[in-house]
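Take a moment to turn the model around before you read on. We will walk through it one chain at a time and then look inside.

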Amino acid sequence: MRSGIKKIGLVAALGLFGVVTTGQLMAGTPQVVATIQTGPEWEPLPRAEPLTVPEVHYRVKHSPYKSELVRYGQFQFNDASWNLQGEYSCASCHYERGQTTGLIWDLGDEGWGSWKNTKYIRGGRYLPPFRHEGFTGHPDEIVGATSSLDRVCGRDPGFVFRSENFSPLRLEALICYIRALEFTGSPFRNADGSLSDAQKRGEKIFNDPNVGCAECHPGDVSDPKALFSDAQTHDVGTGRVGVKGFRSTPGKVFNLKALEAGEDPYGEESDTPIIGLDLVKEFDTPTLRDIYASGTYFHDGSARLLIDTINNTVNDKDMHGRTSHLTAQEMQDLVEFLKAL
Amino acid sequence: MKGRVWLGAAVVGAVLSVGGVSGAGFIQGTHVKTDLPGPFHITTSPDGGTLYICNQSGHSVTFVDARTQKVTGEVSVGVQPEASAMTPDNAFLFVCNAESDSVSVIDIARKQVVKEIKVGDWPSGIRITKDGRTAYVACSGCMWNTIDVIDTGKMEKTRSIYTSDYGPRTLDISPDGKTLAVINDTVGSINRSVNFIDVDTGRVTEKRVIRESANLRDVIYTPDGQYVVVTYETPKNWLPVCEAENGQVFTNNIAVLETKAGGKVARLPLDELNNYDGNPYGLAMDPKGRYLYIGIRGMHRVTILDMGKVLNVVRGNSQSELDYLRDDLGFVREYLVARVTTGLGPSSVCLSPDGKYCYAANYFSNNVSVIRTPVD
């Protein structure tokens, strides 16, 4: 092994591989001495001329499922080196499985001071719009012309990432990867894909007109293409507009002081000024597919668990389904059904 | 993963053929075919003669002769293999198939899958005891909280150990074999945790929180068993993102936890000003515990730390003093040995048994970087 390593090590020393050390390079300094190729060689797209800000109506030109483009996009999604200082990548929030860390953020594009839940982006192409308040429409705009992700990742990624803008091809690749992400499917059904008894009981409750889940989340559980969303915006009692221009507290919201004390931050907070996203009362109806994996819930992440979305603890009573008459067991059955979607 | 039957069993089934060499796989998270294998995890045989590489996109395991540095075989496994562990007798490799919710058992001599064992949702970490009899599998589904226990002789799942929180990403076994350290990468939590689990009772003896943490990726015991090290990211999500230029979105860290009950949790920086270690992933430590190797997936390099200096920091400071160090962008120089540029996307690292070579599996370059370490 060593003779082979010496040969390749010479090549490495000539510059094929870089070494960054804390001091001068010397004998014994850790360095790459060989590379074993176990699959086809691959290089990312070069960093071409970045896209300029005025170029706003961007569209995918190639097949969104072209393998090479998707792979480039996947790389970009996981690459922190284009971000200022190498601080983080897309995958830091929408981690590499294309899902979500469930963290809530104050991104500022809807106004500073309003918490926003990290969206689950698998299957995103099936169900525009993409922002919590229901902006953006066409799937190509996931990271395209007018969406928030365009401002974050595309035309002007500097806003969040403090990086250069993407070249058109790099942006297209990122769009293709995000478009290609598929739902995972629930791990909570029976092995043959059927529903458990509890899930069946929950399905009945879900479709009960007196409860009303299916009014905004229509879908047939036997249809693998069902999205369980009407793609409309609704007021489900999660808008935080309260008296005197302050955040109302029908339930728990993120609490900075608790966080700083190292405690559960989802305590009560009543003196936060209403700004930005909090001025909105109607929010986009999310798909319920993969809902087991897409927590936290509601636009501001105020519902940490699925049960919190239906038990009237974080939103106005009976605004998100009429559930206050349900027993604890019925609530749990409903949760079991949701986990199966 | 039971429900995935209804999502496309035909597609998955085609990939699950036992004992063959893999064909085209799928780009992770999509149904887009690719010929690029995407090496995601790497481990060595006990004698260091063979490297085993889990190909996340290729849905296979590649065998490499460490001495000749040649690929010697490839075996198809389940969908999206993300971790593997070898029995001490070098007879069987147990492979976690994250998307298939199963563990494939490869007979090394025959280079064939001889068993597929169903486990919980999204198995992404596995360790085998020193006696080779038991495998512990971390099932990291977003609403799953089990460490599934496999009898390696019978090749059957025998029981589940329940963690305190969802998302047990991976684990390590203490050197004395009595304790499991499990990292819970719980979606939605900003205070993710480490569970210490008594092997005999299967109970969590202590849940230790790493405050303000997310994206816990790997855990490893020091050889003396007194500490565990965890890779993670610190989200600064309670601050407006307009502070981005000051490192106020994420910082990248290790946590060093004393394993004694109620011990300290030191959150130490990997970042320097203008040179962050974006997305720290896999860990390896040499047998004497002198150096720590960290695959930095987002920055395409392996960061090497002097563990003696790291532990001096932990021992020499109180918990409150340690809490001030996390964001000190000059502090990593206290224990940084080198940052070695590798191929693209090193998500996993492992060491030769003598600690002289570190191997990094480069996901996007489809290769393995061989790093000469500082070990004499």
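In this predicted model, chain B is built from 3 helices and 29 strands. Its radius of gyration is 20 Å, and the globule rule gives 21 Å for 376 residues, so chain B is as compact as a globular protein of that length. If you drew a box along the principal axes around the C-alpha atoms of chain B, that box would be roughly 55 × 45 × 45 Å.

How much of chain B is buried? Of its 376 residues, 69% count as buried. What remains accessible on chain B adds up to about 11600 Å², and 49% of this surface belongs to carbon and sulfur atoms. Chain B also carries charges: 38 positive and 41 negative ones, whose mean positions lie 2 Å apart. You can also ask how the chain folds back on itself. Among the contacts in chain B with a separation of 6 or more, 47% are between residues 24 or more positions apart.

Now turn to chain A, which has 11 helices and 6 strands. Of the 341 residues in chain A, 57% are buried. The surface that chain A exposes is about 14000 Å², with carbon and sulfur atoms supplying 56% of it. For chain A, residues 24 or more positions apart make up 63% of the contacts with a separation of 6 or more.

Let us look inside next. In soluble globular proteins, nonpolar side chains tend to be buried together. Which residues touch the most other members of the largest nonpolar core here? This core has 51 residues, and the ones with that role are Phe206(A), Phe94(B), Val103(B), Ile126(B), Val137(B) and Ile150(B). Chain A contributes two or more residues to the core from each of α8 (197-207) and α11 (328-339), while chain B does so from β7 (81-86), β8 (92-97), β9 (102-107), β11 (123-128) and β12 (134-139). The largest share, 5 residues, comes from α11(A).

Phe206(A) is a good place to zoom in. Leaving aside residues up to four places away in sequence, Phe206(A) touches Cys213(A), Ala214(A), His217(A), Phe228(A), Leu288(A), Leu334(A), Phe337(A) and Leu338(A). Apart from this core there is another one, made of 29 residues, including Phe77(A), Ala180(A), Val32(B) and Leu344(B). Try finding those four residues in the model, and then go back to Phe206(A) in the largest core.

Definitions and conventions
Residues are numbered from 1 along each chain as its sequence is written. Chains are lettered from A and ligands numbered from 1 in the order in which they are written. This is a predicted model: local features need pLDDT of at least 70, side-chain atom pairs count only at pLDDT 80 or more; totals for chains, interfaces and linings use all residues. Side-chain values use heavy atoms; hydrogens and water are left out. Helices (H or I, at least four residues) and strands (E, at least two) are DSSP runs, numbered from the N terminus. The radius of gyration is taken over C-alpha atoms; the globule rule is 2.2 Å times the number of residues to the power 0.38. Buried means under 20% relative accessible area, exposed over 50%, partly exposed in between (1.4 Å probe, protein chains only). Contact means heavy atoms within 4.5 Å. Accessible areas come from the Shrake-Rupley method with a 1.4 Å probe; for residues, only the protein chains shown count as cover. Lys and Arg count as positive and Asp and Glu as negative; His and the chain ends are not counted. The place of a charge is taken as NZ of Lys, CZ of Arg, CG of Asp or CD of Glu. A nonpolar core is a set of buried Ala, Val, Leu, Ile, Met, Phe, Trp, Tyr and Cys residues joined through side-chain atoms within 4.5 Å.
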